[in-house]
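The questions below go through a single protein model, moving from the whole chain to individual residues. Each answer sets out its reasoning before it arrives at the value or name that was asked for.

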Amino acid sequence: MTTLPDRPNTALLVIDVQKGVVAGAPRRDEVIANIDTLIGAARAQDVPVVWVQHSDTDLEQGSTDWEYVEELVRLDTEPLVHKNYPDSFEATELESVLAERGVGRVVVTGAQTDVCIRSTLHGAFARGYDVTLVGDAHTTEDLTAYGAPGPELVMAHTNLYWSFQSAPGRRAGTVDTAKVTFETADTN
């Protein structure tokens, strides 16, 4: 269980599924469809859906690339957290948004696997959250031109290593969309 006292709830994080971020990403449509499925399930169970939106010099706030993809629609009642760093907690109100909702476990989806997803996974875990990565609901761009492994390997490796994360009093794991539950006491 989370090391955050009195925070029995789970939230779904939808990180950076923005037009310019996922354009050309592998399995783009599958990943977005899986995230949409999770959003529907979370809403049906009154689980908070928290949207995170990145901006920087290459992804200017207000630009078309900065906008969320059309396939995913945020409700006005769902929090939107703006960020400028890979870790969704860094210099944002995400922690207070989650604390207000009694959240001690986050279910993580979105993009980019090797930057904002990994940073947020570790940021949440280090802050005391239980953290579940949805293995078929994240993607990343191809950075092989810079010496990185191919995107499919990056995603597979992230899924693998996150399934073995551990720390005192916290749980981590990787599951596919079909196996996601939103109960905090669950090991997923």
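Q: What percentage of the 188 residues in the protein do buried residues make up?
A: This is a predicted model, in which local features need pLDDT of at least 70 and side-chain atom pairs count only at pLDDT 80 or more, while totals for chains, interfaces and linings use all residues. Residues are numbered from 1 along each chain as its sequence is written, and side-chain values use heavy atoms, with hydrogens and water left out. Taking buried as under 20% relative accessible area, exposed as over 50% and partly exposed as in between (1.4 Å probe, protein chains only), the buried share of the 188 residues is 50%.

Q: In what order do the elements of the protein run from the N terminus on?
A: Helices (H or I, at least four residues) and strands (E, at least two) are taken as DSSP runs, numbered from the N terminus. On that basis the protein has 5 helices and 6 strands, and their order is β-α-α-β-β-α-β-α-β-α-β.

Q: What is the radius of gyration of the protein, and why does it count as being as compact as a globular protein of that length?
A: The radius is taken over C-alpha atoms, and the globule rule is 2.2 Å times the number of residues to the power 0.38. For 188 residues that rule gives 16 Å, and the protein comes close to this value, so it is as compact as a globular protein of that length, with a radius of gyration of 15 Å.

Q: Which element gives the most residues to the largest nonpolar core?
A: A nonpolar core is a set of buried Ala, Val, Leu, Ile, Met, Phe, Trp, Tyr and Cys residues joined through side-chain atoms within 4.5 Å. The largest one has 27 residues, and those with the most contacts inside it are Leu 12, Val 14, Val 17 and Leu 72. Strand 1 (9-15), helix 1 (19-22), strand 2 (49-54), strand 4 (103-111) and strand 5 (130-139) are among the elements that give it two or more residues, but the element that gives the most, with 6 residues, is helix 2.

Q: How many degrees around the axis do the buried residues of helix 2 cover?
A: The buried residues of helix 2 are Val 31, Ile 32, Asn 34, Ile 35, Leu 38, Ile 39 and Ala 42. An α-helix has 3.6 residues a turn, so residues three or four places apart point the same way. With the arc taken from the directions from the helix axis to the C-beta atoms, these buried residues lie on the same side of helix 2, because they cover an arc of only 160 degrees.

Q: Which residues are exposed on the other side of helix 2?
A: The buried residues of helix 2 pack against strand 1, helix 1, strand 2, strand 4 and strand 5, where contact means heavy atoms within 4.5 Å. On the other side of the helix, the exposed residues are Asp 29 and Ala 44.

Q: Which backbone nitrogen does the side chain of Gln 112 reach?
A: Gln 112 lies in the loop between strand 4 and helix 4 (113-126), and it counts as buried because its relative accessibility is 10%. Leaving out residues up to four places away in sequence, Gln 112 touches Val 21, Ile 117, Thr 139, Thr 140 and Glu 141. At 2.6 Å, its side chain reaches the backbone nitrogen of Glu 141.

Terms used:
Polar contact = N/O pair within 3.5 Å; in protein donor to acceptor, adjacent residues only side chain to side chain.
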